[in-house]
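The exercises below are meant for someone meeting this structure for the opening time. Please look at the sequence and the model, try each task, and then read the solution that follows.

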Amino acid sequence: MFFHLSDGEDTIPDTAGIEIDSVETAHLEAMNAIVEFLEGDANAETDWAGWSLDVADSSGAVLFSFQLGSIQAYRSALKKHRLHG
């Protein structure tokens with residue numbers, strides 16, 4: 001899977017990608033990546049407003065996207081998954 005950043009016009013491509021065994025695992029990896037990415041920038045929610053993390057397969061097809069919004073929303077989703085997963 002490849003994790004590209006995009007604002008609809010510009011793209012920051014993931015050229016390395018990682019092997020993932022399921023779409024569910026890709027969802028979790030994407031949410032973890034967003035939390036790690038946003039934690040590194042105190043102004044991340046405004047700096048990256050309008051951007052998304054697009055998860056693509058090896059053919060380049062985008063499987064799903066996450067908006068780079070509230071870091072707290074992703075933390076909450078990950079916490080719920082850990083409690084119920």
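**Exercise 1. Find what tryptophan 48 touches, and say where this residue sits.**

Solution. Tryptophan 48 touches Leu5, Ile12, Phe37, Asp41 and Leu68 when residues up to four places away in sequence are not counted, contact meaning heavy atoms within 4.5 Å. The model is a predicted one, in which local features need pLDDT of at least 70 and side-chain atom pairs count only at pLDDT 80 or more, while totals for chains, interfaces and linings use all residues. Residues are numbered from 1 along each chain as its sequence is written, and side-chain values use heavy atoms, with hydrogens and water left out.

The next step is to place the residue: tryptophan 48 lies in the loop between helix H2 (44–47) and strand E3, where helices (H or I, at least four residues) and strands (E, at least two) are DSSP runs numbered from the N terminus. Its relative accessibility is 17%, so tryptophan 48 counts as buried; buried means under 20% relative accessible area, exposed over 50%, and partly exposed in between, with a 1.4 Å probe and protein chains only. As for distance, the C-alpha atoms of tryptophan 48 and alanine 16 are separated by 22 Å, and these residues are 32 apart along the chain.

**Exercise 2. List the aromatic pairs and classify their geometry.**

Solution. A search of the whole structure finds 2 aromatic pairs, and the rule is that rings of Phe, Tyr and Trp (its six-membered ring) pair if their centres lie within 6.5 Å, with planes under 30 degrees apart counted as stacked, over 60 as edge-to-face and the rest as tilted. For tryptophan 48 and tryptophan 51, the ring centres are 5.1 Å apart and the planes stand at 75°, so this pair is edge-to-face. Phenylalanine 64 and phenylalanine 66 also form an edge-to-face pair, with 5.6 Å from centre to centre and 80° between the planes.

To finish, check the burial of the partners: tryptophan 51 counts as buried at 15% relative accessibility, phenylalanine 64 at 12%, and phenylalanine 66 at 14%.

**Exercise 3. Work out why strand E3 is largely enclosed by the rest of the structure.**

Solution. Begin with the count: 5 of the 5 residues of strand E3 (residues 52–56) are buried, so the strand is largely enclosed by the rest of the structure. Both faces are covered, with Ser52, Asp54 and Ala56 buried on one side and Leu53 and Val55 buried on the other.

Now turn to the neighbouring strands, remembering that two strands pair if DSSP finds at least two bridges between them. Strand E1 (residues 2–6) is joined to E3 by 5 bridges, and the two run antiparallel; here phenylalanine 2 has alanine 56 as its bridge partner. Strand E4 (residues 62–67) is likewise joined to E3 by 5 bridges in an antiparallel arrangement, with serine 52 standing opposite glutamine 67. E3 and E4 form a hairpin with 5 residues between them, and glycine 60 in the turn has a positive phi of about 100°.

Within E3, take aspartate 54, which counts as buried at 13% relative accessibility. Its side chain makes a polar contact with the side chain of serine 52 at 2.9 Å; a polar contact is a pair of N or O atoms within 3.5 Å, and within protein one must be able to donate a hydrogen and the other to accept it, while residues adjacent in sequence count only if both atoms are side-chain atoms.

**Exercise 4. Describe the largest nonpolar core and identify which element gives the most to this core.**

Solution. The largest nonpolar core has 22 residues, and those with the most contacts inside it include Phe3, Ala30, Leu53 and Phe66; such a core is a set of buried Ala, Val, Leu, Ile, Met, Phe, Trp, Tyr and Cys residues joined through side-chain atoms within 4.5 Å. E1, H1, E3, E4 and helix H3 (71–84) each supply at least two residues of this core, and H1 gives the most, with 7 residues.

Looking along H1 itself, the buried residues include Ala26, Leu28, Ala30 and Ile34.
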